[in-house]
Amino acid sequence: MSIQKQVRRTTAPEILARKGGEPIVSLTAYHAHTAALADPHVDFLLVGDSLGMVMHGYESTVPVPLELMIMHGKAVVRGSTQALVVVDMPFGTYEESPSVAFRNAAQVMKETDCGAVKLEGGARMAETIDYLVQRGIPVMAHIGLTPQSINVLGGFKTQGRTKDQWQLIEEDAVAVSEAGAFSVVLEAMAEPLAARITDAIAIPTIGIGASAQCDGQILVMEDMLGLSPRVPKFVKEFGNVGAAIEGAIKAYSKEVRARTFPEQAHTYALKSESGKPKSKG
Ligand code: KIV
């Protein structure tokens, strides 16, 4: 077997092997250039269907089509060389049956060259997770707040804040772990429940709004950069990129209106017949 390009990416089994060890670091990425910036600093990049809301202006992730995930998945794979790339399966592409899920997940993997897919749901998705894993598709599960079910949940609500909710969520965690998922995202979950789940299951838990008790963390990159207009309580803004972008655009606009940009340094002069510029600049 010949390998044309030397790319050594983190693999799904390597993420699984990190259970209980050094925290797993991850971020969402939707484009080649942000993937390239994050790649050396994270263990995996998630092409999350949150891109529908963050980049495309949808009110929820429900309308996101498979083609959009594939397009952004390809960009993130092209932009990165080290991190495992995980692509979200969007709503309606995997719930119907294990074979429908396989067909769509295989398309995602073939067309993007990503290393794994993520899907939402606990016990109800266990059979599908097993089916995909048996057929060569590594699966990251996602339980707790599952945004694709927003119309059933009635909003983006924190999960497990009262103990009567715990049993079902714990059963979900055990079910996806036993079905063969290599890790599970715990979203918007009370800390003691996240801690219990992390202790109870054999696969790494990746928290987003689920406390420091998880085996790893993920955030939406635009949220932690300070690019999102509204962020949930669990987001820490590590940068103020939105303000920096706006400041730069304002300065550009002012200079164009004042005719102070472009300057001589940004301008092409006519070439002389000898091929050298006629005048300086
Ligand atoms: O779509 C997404 O970005 C996600 C993360 C919030 C985990 O699923």
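**View 1: the lining of the largest pocket.** In these legends, Ala, Val, Leu, Ile, Met, Phe, Trp, Tyr, Cys and Pro count as nonpolar, Asp, Glu, Lys and Arg as charged, and the others, Gly among them, as polar. This is a predicted model, where local features need pLDDT of at least 70, side-chain atom pairs count only at pLDDT 80 or more, and totals for chains, interfaces and linings use all residues. Residues are numbered from 1 along each chain as its sequence is written, and side-chain values use heavy atoms, with hydrogens and water left out. Sorted by class, the largest pocket's lining comes to 21 nonpolar, 9 polar and 13 charged residues. (A pocket is an open set of points on a 1 Å grid over the protein atoms alone, where a 1.4 Å probe fits, with protein on both sides within 12 Å along at least five of seven lines; lining residues have an atom within 4 Å of a point.)

**View 2: the middle of the largest pocket.** Of the 43 lining residues, Phe156, Glu187, Asp223, Pro232 and Phe234 lie nearest the centre. Helix 3 (51–54), strand 4 (116–120), strand 6 (183–187), strand 8 (216–219) and helix 10 (221–224) each give two or more residues to this lining. (Helices, H or I with at least four residues, and strands, E with at least two, are DSSP runs numbered from the N terminus.)

**View 3: the ligand and its neighbours.** So who's around the ligand? Its shell includes Thr28, Leu46, Gly48, Asp88, His142, Val185 and Glu187, each with a heavy atom within 4 Å. By class, that shell splits into 4 nonpolar, 4 polar and 4 charged residues. The ligand sits in the largest pocket, with more than half of its atoms within 2 Å of the grid points.

**View 4: polar contacts to the ligand.** Look for pairs of N or O atoms within 3.5 Å. Ser50 puts a polar side-chain atom 2.5 Å from a ligand oxygen, Lys118 does so at 2.9 Å, and Asp49 at 3.0 Å. On its own the ligand has 260 Å² of accessible area (Shrake-Rupley, 1.4 Å probe), and the protein covers 95% of that.

**View 5: two backbone oddities.** Most residues other than glycine have a negative phi, and most peptide bonds are trans. Asp113, not a glycine, has a positive phi of about 70°; Asp113 lies in the loop between helix 5 (98–112) and strand 4. Elsewhere, a cis peptide bond links Phe261 to Pro262, with omega about -5°. Pro262 belongs to the segment after helix 11 (241–257).

How values were computed. Polar contact = N/O pair within 3.5 Å; in protein donor to acceptor, adjacent residues only side chain to side chain.
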